[in-house]
Amino acid sequence: MAARRILAGGIAQESHSFNPVLTGRDSFTITGGADAVARARGTNSTLGGIIAAADAAGAEVTVPLLFRAQSGGPVEDAVFEEVKDAMLDAARSGDFDAIALPLHGGMLTPTLADPEGVLVQELRAIVGPKVPITAAFDLHAHVTAELLEACDLLAGYLTNPHADQGETGRRAGAAALAMLDGTLDPVLAWSHLPMLTLGNDRTDEEPLQGLHARARAAVEAGQVHDASIFNAQQFLDVAGLGQVVMAYGNRRSAAAEALVAELTASLWQARASLIGAYPSLESCLDRAVAGTDRPLILGDQGDRVAAGAPGDSTVILHALLARGPGLPAIVPITDAEAVVACRAAGLGATVTVTFGGRFSRMAPPVTMTGEVIAEGAGASLVYAGPAEAGQRATVGPYAVLRAGDLKVVLTAFPYSYIDPEYYRAMGVEPAEQRVVVTRSGYHFTLNYAAIGECITVDTPGMSSYRVAELPFTVARPFYPLDDLDITPQVRLRRRPA
Ligand SMILES: [Zn+2]
């Protein structure tokens with residue numbers, strides 16, 4: 001028997017409705033063909049997991065194109081169309097046995113609120129109802145009824161901070177192969193809740209920890225085949241924004257329906273406790289000035305590139321400058337023009353530049369005189385992990401400006417800095433600082449745990465959880481902005497006979 005062939009690929013990015021900077025083609029890491037498979041094999045990524053499932057079953061994975069970018073503003077329509085066209089062409093021309101897609105699920109384009117749903121629906125229209133289509137999504141996906149109708153099995157990350165990207169891809173890949181084998185006939189039970197999780201939403205803490213434990217127990221006991229709990233990215237101003245709870249039975253639906261009903265009721269009941277509180281910036285800087293055993297790694301809650309914000313907030317930088325230049329610290333700021341100015345002055349030059357605060361308007365731009373201690377373009381790095389260990393990334397044009405012991409890392413494009421290797425790629429060692437700022441609220445806590453104390457600080461901005469300050473229109477009503485009286489419904493979806 002010829003090896004079974006799985007079509008994989010697509011586009012993965014998490015969008016932020018209120019970030020006015022569209023994400024263009026040059027923000028993406030683009031791979032395809034045998035190179036994409038070789039790069040992903042063995043990594044803790046969704047494609048890596050799909051490949052692992054295929055390798056274990058002697059199946060082949062074909063990747064026409066894979067675009068991956070960090071979070072940011074909505075993705076330009078032409079970029080999505082390019083990837084979609086490549087996937088549809090492959091589906092039309094190749095004799096694939098199944099499709100397994102490593103996506104994010106929380107992307108937007110200026111014209112589409114659910115591009116992943118469009119991709120899956122158009123693939124379904126080409127391959128017909130019998131070819132298994134599965135997908136691996138981030139836990140923060142915006143999951144729609146249209147997507148679920150067209151997809152035979154959707155697997156979501158079960159961890160936040162995310163550590164199970166590879167395992168999620170493996171679930172999606174293995175499910176597609178099991179459907180081909182005839183050992184799996186997934187029946188979906190799912191529900192939607194119009195509410196957001198706002199801070200108390202780590203899966204290794206209550207209340208989500210207990211919900212995931214119940215879902216996992218049902219899977220391990222064989223009552224359901226797979227289960228996911230999606231906590232939507234909070235900055236998507238789209239219809240139907242909220243939580244999606246789902247479970248797949250194998251041929252039978254009763255246990256999946258019961259599990260989804262129970263988890264949905266618990267999630268709704270826990271809604272107030274899913275709203276968190278963060279320590280103040282000043283209390284953290286007080287500690288850093290007084291001296292701590294290890295560097296304080298501060299997640300800038302209000303300007304998290306990891307959540308799609310622009311990465312140019314000067315809130316923390318202003319607070320550090322107010323404390324004087326003697327505290328060894330690193331602050332990243334996105335500002336393409338300042339990078340050009342520093343690089344033009346050259347390594348070792350002393351320059352006065354104004355930067356930041358262009359899109360993040362909570363604090364004004366900073367004017368600073370300092371020495372250019374590093375500059376370049378195209379610095380490459382490999383995530384040390386554990387989150388996304390082995391993942392490659394490239395930093396575009398950058399310059400590092402130093403005033404006293406304060407280093408400002410200026411980049412032309414935004415980065416989340418969820419791995420310390422970002423700073424090392426630009427010649428700055430985070431372990432030698434007293435304060436390191438990242439543009440992430442959760443994921444950095446895994447990858448910096450070995451070098452410092454990780455704290456997400458309560459700062460204002462586009463990705464702050466003070467959602468009443470954000471211009472939501474389409475997504476409302478939702479809890480906690482609106483007072484809702486709801487009765488969650490469990491819906492079913494079966495594969496066509
Ligand atoms: Zn996520």
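Buried here means under 20% relative accessible area, with exposed over 50% and partly exposed in between (1.4 Å probe, protein chains only). What you're looking at is a predicted model, where local features need pLDDT of at least 70 and side-chain atom pairs count only at pLDDT 80 or more, while totals for chains, interfaces and linings use all residues. Residues are numbered from 1 along each chain as its sequence is written, and side-chain values use heavy atoms, with hydrogens and water left out.

Let's start with helix H6 (helices are DSSP runs of H or I, at least four residues, numbered from the N terminus). Twelve of the 17 residues in H6 are buried, so to speak mostly covered; among them are Gln-165, Arg-171, Leu-177 and Met-179. Right after H6 comes Gly-182, with a positive phi of about 85 degrees.

| Helix H6 | Value |
|---|---|
| Residues | 165–181 |
| Length | 17 residues |
| First to last C-alpha | 24 Å |
| Expected at 1.5 Å a residue | 24 Å |

The expected span is 1.5 Å times one less than the number of residues.

Now the metal. Protein donors (N, O and S atoms within 2.8 Å of the metal, or 3.2 Å for Na, K and Ca; water is not among the atoms, so sites may look incomplete) reach the zinc ion from Asp-138 (OD, listed twice), His-140 (ND1) and His-162 (NE2), at 2.1 to 2.7 Å. Their sequence spacing is D-x1-H-x21-H, and both Asp-138 and His-140 are buried. Angles among the four donor atoms run from 52 to 146 degrees, and the site is irregular, because four donors count as tetrahedral only if all angles lie between 85 and 135 degrees, and as square planar if opposite donors are over 155 degrees apart and all others between 65 and 115.

Key. Four donors count as tetrahedral if all angles lie between 85 and 135 degrees; four count as square planar and six as octahedral if opposite donors are over 155 degrees apart and all others between 65 and 115; anything else is irregular. Helices (H or I, at least four residues) and strands (E, at least two) are DSSP runs, numbered from the N terminus.
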